[in-house]
Amino acid sequence: MDRRRAREFETFVAGAAGRLLHAATLLTAEPAPAAPRAQRLLTAALARTYARWDELRGEDPYDVTRQDLALRYAHGAWRTRRHTEGTLGSLRPQERVVLVLRLYEGVPEEQTAALIGLPPERVRVILARAIRRVREAAPLRAAARTPEAGRTPEAAPLRKAAE
């Protein structure tokens, strides 16, 4: 019994760990190659899924692990105000959770709302704000990275906003 359980879980991890790690990396906004916080989050979520493996009975283990991952991030994010990088680094933790669940993972609005304990209307507003902030941050980061982009007349307002 334990051997079968271990094989089933190993098969699940082999198929899902890459995508779950990517989701965790998006949540933590860490650089992809290392991402120690994302790896710790994923390890804890997978450990909990393994502990509950026999109790899942028809539940999708990927959904269960993703929910645990998102909740672990959301509950711990307020304690860890670390500098984050990349476009998603400019988002608040709640915005990042909603954006990753809705856009990257494709979780329906109602499920996302239930998972984080907010009304669907609030999730919709948070997602719109997160998308707006990502769109606003992307040109600023591009102008800051490429000196040529920062020297064009069209980029003058971006240069001033970035300074």
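## Helix packing and empty space: worked exercises

In this predicted model, the count of cavities of 30 Å³ or more comes to one. Let's work through that space and the helix contacts.

### Exercise 1: the cavity

**Task.** Find which residues line the largest cavity and which element gives the largest share of that lining.

**Solution.**
- Start with the volume: the largest cavity holds about 30 Å³ of space.
- Next, pick out the wall. The lining is made of Ala23, Leu27, Arg66, Leu69, Ala70, Val100 and Leu101.
- Now map the wall onto the helices: α1 (2-28), α3 (61-77) and α4 (93-104) each give two or more residues to the lining.
- α3 takes the largest share, with three residues.
- Finally, sort by class: six lining residues are nonpolar, none is polar and one is charged.

### Exercise 2: the pocket

**Task.** Work out which residues sit closest to the centre of the largest pocket, and how its lining splits by class.

**Solution.**
- The largest pocket has a volume of about 150 Å³.
- It is lined by 10 residues, and those closest to the centre are Ala74, His75, Gln94, Val97 and Ile116.
- Three helices give two or more residues to this lining: α3, α4 and α5 (109-116).
- Here α3 again supplies the largest share, four residues.
- As for class, the pocket lining has eight nonpolar and two polar residues, with no charged ones.

### Exercise 3: α2 against α3

**Task.** Decide how α2 lies relative to α3: roughly parallel, roughly antiparallel, roughly perpendicular or oblique?

**Solution.**
- Get the geometry first. The axes of α2 (residues 36-51) and α3 come within 9 Å, and they cross at roughly 130°.
- Then classify. That angle is neither within 65 to 115 degrees nor over 145, so α2 is oblique to α3.
- Check the hand: α2 passes α3 in a right-handed crossing.
- List who touches whom. α2 brings Arg37, Leu41, Leu42, Ala44, Ala45, Leu46, Arg48 and Thr49, while α3 brings Pro61, Val64, Thr65, Asp68, Leu69, Arg72 and Tyr73.
- By class, this contact of α2 with α3 has nine nonpolar, two polar and four charged residues.

### Exercise 4: α1 against α2

**Task.** Describe the packing of α1 and α2 by angle and axis distance, then name the residues in contact.

**Solution.**
- α1 and α2 pack at an angle of about 145°, and their axes are 9 Å apart.
- The hand comes next: α1 passes α2 in a right-handed crossing.
- On the α1 side, the contact uses Arg5, Ala6, Phe9, Phe12, Val13, Ala17, Leu20, Leu21, Ala24, Thr25 and Thr28.
- On the α2 side, the partners are Arg37, Ala38, Gln39, Leu41, Leu42, Leu46, Thr49, Tyr50 and Ala51.
- Tallied by class, the contact of α1 with α2 has 14 nonpolar, four polar and two charged residues.

### Exercise 5: α4 against α5

**Task.** Find the hand of the crossing of α4 and α5, and the residues that make the contact.

**Solution.**
- The axes of α4 and α5 come within 10 Å and cross at roughly 145°.
- This crossing of α4 and α5 is right-handed.
- From α4, the contact takes Val97, Val98, Leu101 and Arg102; from α5, Glu109, Thr112, Leu115 and Ile116.
- Split by class, the contact of α4 with α5 has five nonpolar, one polar and two charged residues.
- To tie things up, look back at two α4 residues in this contact: Val97 is among the residues closest to the centre of the largest pocket, and Leu101 helps line the largest cavity.

Methods
Residues are numbered from 1 along each chain as its sequence is written. This is a predicted model: local features need pLDDT of at least 70, side-chain atom pairs count only at pLDDT 80 or more; totals for chains, interfaces and linings use all residues. Side-chain values use heavy atoms; hydrogens and water are left out. On a 1 Å grid over the protein atoms alone, a cavity is a set of points where a 1.4 Å probe fits but cannot get out, and a pocket is an open set with protein on both sides within 12 Å along at least five of seven lines; lining residues have an atom within 4 Å of a point. Grid points are joined across faces, edges and corners, and a volume is the space filled by probe spheres set on the points. Ala, Val, Leu, Ile, Met, Phe, Trp, Tyr, Cys and Pro count as nonpolar, Asp, Glu, Lys and Arg as charged, and the others, Gly among them, as polar. Axes are lines fitted to C-alpha atoms, for helices over the stretch in contact, and angles run from 0 to 180 degrees between N-to-C directions. Angles under 35 degrees count as roughly parallel, over 145 as roughly antiparallel, 65 to 115 as roughly perpendicular and the rest as oblique. A crossing is left-handed if the near helix is turned anticlockwise from the far one by less than a right angle, and right-handed if clockwise. Contact means heavy atoms within 4.5 Å.
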